[in-house]
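Hi everyone, thanks for coming. I'd like to walk you through one protein chain today, at an easy pace. Please have a look at the picture before I start talking.

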Amino acid sequence: MNKLYMSVLLSALLTACGGGGSAGETVSVTPQPVVEEQQPEIILPDPIVTQLVVTEFILAETSPLEARAVLESSAQTSGDISVPDGFSLNSERSFNLKIIRSDDDDQAAYLSLCSDYQENSDGSYNINYDSCLLRTSLNEAVFETVITVTNDTEGLVAALWFVDGSRNPIIKDWRF
């Protein structure tokens with residue numbers, strides 16, 4: 001009985017598939033164009049342009065040395081040296097440092113003011129933070145202090161670091 005059901009089922013399948021075409025007939029298949037589903041156009045909002053926070057660094061010498069004519073001296077001993085009036089032998093210089101941050105810059109920041117640094121050719125800096133003369137936090141919009149350096153100090157660099165790390169540090173340098 002199983003063989004009967006199998007043969008009937010097989011016959012039905014062969015009949016359903018259809019027969020072959022005639023011997024002289026050619027069949028051509030034309031490809032249907034593939035219709036790609038259009039993706040909806042995504043319109044992005046204009047990028048948010050943030051205003052740069054302006055930080056101003058001011059370093060001004062409190063009593064700058066005036067350029068004077070070089071005195072020719074024929075002194076042979078230290079006793080023969082004559083000192084002009086008003087000459088003071090100071091081994092240090094004082095500067096007023098003022099940092100003004102914009103009113104909308106309310107981020108906590110940290111200031112490092114160092115004397116040993118190098119500027120690289122790409123504009124970045126190598127700063128020796130062991131040479132810092134001042135390390136302090138800045139919470140207010142205006143910071144002022146007096147910095148005293150020795151006469152052999154060739155320059156200073158200020159690095160303003162933001163505590164939350166959301167912005168790169170602002171670096172400003174001065175060469176004397």
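Let me start with one residue, F95. Leaving aside neighbours within four places in sequence, F95 is in contact with L59, A60, E61, T62, T145, V146, I147, V149 and F176. Please keep in mind that this is a predicted model. Where does F95 lie? F95 is part of strand β2. And is F95 buried or exposed? With a relative accessibility of 4%, F95 counts as buried, because buried means under 20%. Here is another way to look at that spot: F95 and S63 are 32 residues apart along the chain, and their C-alpha atoms are separated by 8.2 Å.

Now let's step back to the chain as a whole. How many helices and strands does the protein chain have? The count is 1 helix and 9 strands. Reading from the N terminus, the helix comes before the strands, in the order α-β-β-β-β-β-β-β-β-β. The chain has 176 residues, and 20% of them count as buried. About 14,400 Å² of the protein chain is exposed, and carbon and sulfur atoms supply 53% of that area. If we take contacts between residues at least 6 apart in sequence, 67% of them join residues at least 24 apart.

On to the sheets. As a reminder from class, strands of a sheet pair through backbone hydrogen bonds, either parallel or antiparallel.

One open sheet here has 3 strands in the order β1-β2-β7, with antiparallel pairing. At its edges stand β1, residues 55–61, and β7, residues 142–150, and each of these pairs on one side only. From one strand to the next, the twist averages 20°. If you look at β1 and β2, which covers residues 92–101, you'll find 7 bridges joining them, and the two run antiparallel. For one example of such a pairing, E56 has I100 in β2 as its bridge partner.

These two strands also share a side-chain link. How many salt bridges does a search of the whole structure find? It finds 1. The partners are E61 and R93, whose side chains meet at 3.1 Å, N to O. This pair links distant parts of the chain, with E61 in strand β1 and R93 in strand β2, 32 residues apart. E61 has a relative accessible area of 22%, so this residue counts as partly exposed. You may remember E61 from the start, as one of the residues in contact with F95.

Let's move to another open sheet. This one has 4 strands in the order β6-β3-β8-β9, and the pairing is antiparallel. Why are β6, residues 132–138, and β9 called edge strands? Each has a single partner strand, so one side of each is left without a neighbour in the sheet. On average, neighbouring strands of this sheet are turned by 10° against each other, direction ignored. Strands β3 and β6 pair in the antiparallel sense over 6 bridges, and Y110 stands opposite S137 in β6.

Here are two residues to find on your screens. S112 sits in strand β3, residues 109–114. S112 is buried, because its relative accessible area is 5% and the cut-off for buried is under 20%. Not counting residues up to four places away in sequence, S112 touches Y129, C132, L134, R135, V157, A158, A159 and W161.

K172 is in strand β9. Is K172 buried, exposed or partly exposed? K172 is partly exposed, with a relative accessible area of 32%. Apart from neighbours within four places in sequence, K172 is in contact with F57, L156, V157 and A158. K172 is also 12 residues from L160 in sequence, and the two are 8.7 Å apart in space, C-alpha to C-alpha.

Finally, let's go to the surface. Which residues form a nonpolar patch there? They are Y110, Y129, W161 and V163, with about 370 Å² of accessible area together. We have met some of these names already: Y129 and W161 are among the residues that S112 touches. V163 is found in the loop between β8, residues 155–162, and β9, residues 170–175. V163 has 60% relative accessibility, so it counts as exposed.

That's my tour, and I'm happy to go back to any of the pictures with you.

Definitions and conventions
Residues numbered from 1 in each chain as written. Predicted model: local features only at pLDDT ≥ 70, side-chain atom pairs only at ≥ 80, totals over all residues. Heavy atoms only, no water. Patch = residues over 30% accessible without salt bridge, like charges linked within 9 Å, V, L, I, M, F, W, Y side chains within 5 Å. Areas by Shrake-Rupley, 256 points an atom, 1.4 Å probe, with all protein chains shown as cover. Salt bridge = Lys/Arg side-chain N within 4 Å of Asp/Glu carboxyl O. Buried < 20%, exposed > 50% of the residue type's maximum accessible area, 1.4 Å probe, protein only. Pairing = 2+ DSSP bridges. Axes fitted to C-alpha atoms, helices over the stretch in contact; angles between N-to-C directions. Contact = heavy atoms within 4.5 Å.
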